[in-house]
Amino acid sequence: MELRILDGANSIGGTKILLDTGSKRLLLDFGLNYKRYGLYFEEYLKPRSSRGLADLWRLGLIPHHPDLYRDDLWPHDLKREGEPLAVDLILLSHAHMDHCGLLGVVRPEIPVAATPPTWGILKAIQDAGKAEFHAETVYAVPREPVPGDPRALKAAAWKAAAARGREIRLVGEAPAELMEFLRRPPNPRGRGLEPGNIRSLAEESPGGDIRAFGVDHSIPGAVGYAVETDAGWVVYTGDLSLHGRGRERTLRFVEEAKRLRPAVLLIEGTRAGPLGGENLTEEEVAARAHGIVADSRGELVIADFSPRQVERLQSFLGIAEATGRILVVLAKDMYLLEALEMCGWLEGVLGSPHLAIYDDVVVSPGAWERDIRERHRGRIVGPREMREDPGRFILAFSFWDLKNLLDIGPEGGIYIYSSSEAHGEEEEIDMRRLWEWLKYFRMEVHGFWIDEEGHLFFGGGLHASGHASPDDLLFIAKETSPKVLIPIHTEHPEFYLEHLRGAPIEVRPVRNGVCVRL
Ligand SMILES: [Zn+2]
């Protein structure tokens, strides 16, 4: 057995782990390392799709194993150098981009395993967004050289070249409706989609040497994996928590992992740090937000959270129902919710009379959006209705949607920031802009504030993390009781060394690129 952390050992996200079991080569996740990416790129300085792999490759943002990558993304002037590496299967833990945001540059012929909700979310995001080429997670749009300039690549003509669907391996059963969705081109009158094979992971692993276990995290469909190797079981947590509504799943995962007597536990450590402290549950967040909305009769409420965090969306939908309001989401959020409903993940959400779609200004809507607007035409709410009766709505908006406020023109109102704290300078700058917008509309803000000296604070108990608390991380480590524990997805690997001293677990912090052989 040989393990190599290609990326994401000492950073939160960017996870790419190579696991050679003795008979198979697997990759655990293929995420975008936002921290390293952010050293070079930002919103308006991005890797050029016209240069294919070149920018990511030269800056070392993708591992230098040329066999991993799509042939159509190699510009003529980029040499295929580096270690050959044949990967049999990629195991995706969940649909957050720091775990799968570079999958788009990987050869679509390499099979990728993930749960039905993960595939549903990724397809919805790719269909509804203008996917960066490195986030073409479900289907790859073929590129070709530009005649006359061999450095440049462009998308092949849509009539001539269909997008290529990935080889999908499903963790668990997928309903026929989801299978159809995964094979459906985003625009029935546009570029075709030639689907890859969609099969069950169980077929790939008939002996049960690859097992997946659902875990609690801030996005539906997250799993941890256990893989049998010639040196025993290797268990990978993915991202997980023990205080969300799915905490029972994490407990079962820990129980099953323990039973395998793992040789290695690759454990996330996003919140590794001082023990104790506040660890809010989703129920506590919902209760506080409910209190704020109940006290805001007659005023517009804006709730800022990621609709991909479906538990939070369900909390705000519950609050809307209890306070006689309507939760208004964007069309792309509704599209994502529909994909999740196909997987049976959303009881009673789509059918709720308290859910509506915001009538955004769209000049030329994509096929998916026309379709959504058509099917939900009875529940589209625009700025005029909001201005006339602001107390009837909870608007699910974030920073990026604030421009719509200029159309609505609220006079005061309540803003509930129910998302994670800013990480890094750029996000901090965005929070300051958000604050200016809210001041402009004289909104009462909950969840963050900026004091008179300009210091930014977060608080108010309106966000529960998707990651286990330090105490819970240690509980998971001790219960699972592996021979060797390797911290990943953390800026504090020493946390495990300090707190597992004396336990019969060997903690081995590693750096990116280091090989662990057992
Ligand atoms: Zn995550």
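Modeller: In this predicted model, a residue counts as buried when its relative accessible area is under 20%, and as partly exposed when the value lies between that cut-off and 50%.

Biologist: Is Arg107 buried or exposed?

Modeller: The side chain of Arg107 meets that of Glu109 in a salt bridge, at 3.4 Å from N to O. Because the cut-off for burial is under 20% and the relative accessibility of Arg107 is 18%, Arg107 counts as buried.

Biologist: What is the relative accessibility of its partner in that salt bridge, Glu109?

Modeller: Glu109 counts as partly exposed, a class that lies between the cut-offs of 20% and 50%. The relative accessibility computed for Glu109 is 39%.

Biologist: How many residues apart in sequence are the parts that Arg312 and Glu282 tie together?

Modeller: The side chains of Arg312 and Glu282 meet in a salt bridge with an N to O distance of 2.8 Å. Arg312 lies in helix α9, residues 310–323, and Glu282 lies in helix α8, residues 282–294, so the parts that this pair ties together are separated in sequence by 30 residues.

Biologist: What is the relative accessibility of Glu282, given that Arg312 counts as buried at 0%?

Modeller: Glu282 likewise counts as buried, since its value falls under the 20% cut-off. The relative accessibility of Glu282 is 2%.

Biologist: Which residue of the salt bridge between Lys332 and Asp333 is buried?

Modeller: The closest N and O atoms of this pair are 3.9 Å apart. Lys332 is partly exposed, with a relative accessible area of 43%, whereas the residue that counts as buried, at 8% relative accessibility, is Asp333.

Key:
Residues numbered from 1 in each chain as written. Predicted model: local features only at pLDDT ≥ 70, side-chain atom pairs only at ≥ 80, totals over all residues. Heavy atoms only, no water. Salt bridge = Lys/Arg side-chain N within 4 Å of Asp/Glu carboxyl O. Buried < 20%, exposed > 50% of the residue type's maximum accessible area, 1.4 Å probe, protein only. Helix = DSSP H or I, 4+ residues; strand = E, 2+ residues; numbered from the N terminus.
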